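Reader: I would like to learn how to read a protein model. Please take me through it feature by feature.

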Amino acid sequence: MSVSMIRCPSCGSNIHYTIKEKAFVCDYCGSAFSVEQLENVQVDSDNIYQEIKEQTEQAHTEWQDEENTARYGASAKAYSCPNCGAQVITDPSAATTFCCYCQGHVTLTERLAAEAEMPALVLPFKITKEQASEQFKALLKKKPFLPKVFAQQVRGEVFASLYVPFFLYDADLRGTVEAECTNVTRWSDSKYDYTKVDTYEARRSGGLAIQQLPLDGSEKMDDDTMRRLEPYDKQELVAFQTAYLSGHVAQIADTAKEKLVSSFRAIAQQVMRQQLTQTISGYTTVRVKDGSCATENIGRQYVMFPVWMISARHNSKEYMFCINGQTGKTAGKLPISMAAVLKWAGLFFGGTAALMFLAQEVAAWVR
């Protein structure tokens, strides 16, 4: 397994990408560098790693013996830190980690590759940890039904900066829709009210090009939450450099290509049907009966999108809340205190009907 660490050209210490300065800053001497200045530094880091690797007995070990399997899990793996040589335990879905001994940020470069494909582009963080935390606290204040215990717990939690793997899909679409349409005419005379319904068959066909449709490539992340974080401004994507991952958590792209293509085809068919249906106008009602969509020239690009994430458990259930690391858009689920709901409903409504209506609206409120 290839392991790399970006080092400061001035003093050789660890460096990481800072959101405020939009630069790579040394943890020790404070020197700042642009990504262009670091293009050759990673090569030097790999050479340094090779020297350390020769001095350590094992750079990559599968933890299969009974003691370590019981302690860390059968899929846990250990790597030698390129900085100090200590062994570092990683989750099998992680593409980055850090050494608990020297605090060095380590990128597991081979894990980043999806089917021998490395990320082509990355979207650097724009929202800082302080901004994400303040935004989340402000949101909690607007949730009167949030359990107090949970609110106190998450206020003490720290947001994790996470790079999530996405694939941007392009394709040419050809589709058709068939619809039943009606025109309804109503009139009255002194005795009767009349209604005339004329029924028509409508058929539309056409083509459409989809560009950069994003699909989450991590099995660990909730797909619905990731969709709710969109859109991202893809104009700000830059060429991928592992240096951007320094100081952040990064997930590997582990969703099967076949699964992603199937999801893309389903979305493409829905988009094609909506676009063609919108061209059917001049009728009182339009009901789509059938449709088809063919996708051609499917292409994709492997990218990394920034996400701030916080998670906490409440009543044995895990709750995850995310913030778009570029735009600040939020998504996730929060628990609700039914005691607070009943108290509020009884105070303002006092009726059974009001309680039933409020219960139906709870699902929309927690998102």
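Reader: Which residue in β4 is the bridge partner of Phe 24?

Author: Strands of a sheet pair through backbone hydrogen bonds, either parallel or antiparallel. Here the bridge partner of Phe 24 is Phe 33 in β4. Before we go on, this is a predicted model, in which local features need pLDDT of at least 70, side-chain atom pairs count only at pLDDT 80 or more, and totals for chains, interfaces and linings use all residues. Residues are numbered from 1 along each chain as its sequence is written, and side-chain values use heavy atoms, with hydrogens and water left out.

Reader: What counts as a strand, a helix or a pair of strands?

Author: Helices (H or I, at least four residues) and strands (E, at least two) are DSSP runs, numbered from the N terminus. Two strands pair if DSSP finds at least two bridges between them. The protein has nine helices and 17 strands.

Reader: Which way do β3 and β4 run, parallel or antiparallel?

Author: Antiparallel: two bridges join β3, residues 23-26, to β4. Both belong to an open sheet of three strands in the order β2-β3-β4, with antiparallel pairing. β2 (15-18) and β4 (32-33) each have a single partner strand, so they stand at the edges, and one side of each lacks a neighbour in the sheet.

Reader: How many bridges join β11 to β15?

Author: There are 22, and the two strands run antiparallel. One place to look is Gly 175, which stands opposite Cys 293 in β15. β15 is also joined to β10 (residues 121-122) by two bridges, and that pair runs parallel. In that pair, Val 122 stands opposite Met 304.

Reader: What do β15 and β16 form?

Author: They form a hairpin with two residues between them, and Asn 315 in the turn has a positive phi of about 55°. Eight bridges join the two strands, which run antiparallel. One bridge links His 314 to its partner in β16, Lys 317.

Reader: How much of the protein is buried?

Author: Buried means under 20% relative accessible area, exposed over 50%, and partly exposed in between (1.4 Å probe, protein chains only). Of the 367 residues in the protein, 42% are buried. One buried residue is Gly 332, with a relative accessible area of 7%. Gly 332 lies in strand β17, residues 330-332. Its C-alpha is 4.3 Å from that of Phe 321, and the two residues are 11 apart in sequence.

Reader: Which residues touch the most other members of the largest nonpolar core?

Author: In soluble globular proteins, nonpolar side chains tend to be buried together. A nonpolar core is a set of buried Ala, Val, Leu, Ile, Met, Phe, Trp, Tyr and Cys residues joined through side-chain atoms within 4.5 Å. In the largest one, of 53 residues, Tyr 163 and Trp 308 touch the most other members. The elements that give two or more residues to this core include α4 (129-141), β11 (160-188), β12 (193-216) and α7 (257-277). β11 gives the most, with eight residues. A second, separate core has 17 residues, among them Leu 168, Leu 229, Tyr 232 and Cys 322.

Reader: Which residues of α7 are buried?

Author: An α-helix has 3.6 residues a turn, so residues three or four places apart point the same way. In α7 the buried residues are Leu 260, Phe 264, Ala 268, Met 272 and Leu 276. They cover an arc of only 120° around the axis (the arc of the directions from the helix axis to the C-beta atoms), which puts them on the same side of α7. These residues pack against β11, β12 and β15.

Reader: Which residues of α4 are buried, and which are exposed on the face turned away from them?

Author: Ala 132, Phe 136, Leu 139 and Leu 140 are buried. They cover an arc of only 100° around the axis, which puts them on the same side of α4. The face turned away from this buried side carries the exposed residues Glu 134 and Lys 141.

Reader: Where is Thr 176, and what is it in contact with?

Author: Thr 176 lies in strand β11. At 19% relative accessibility, Thr 176 counts as buried. Contact means heavy atoms within 4.5 Å. Leaving aside neighbours within four places in sequence, the contacts of Thr 176 include Arg 203, Leu 276 and Asp 290.
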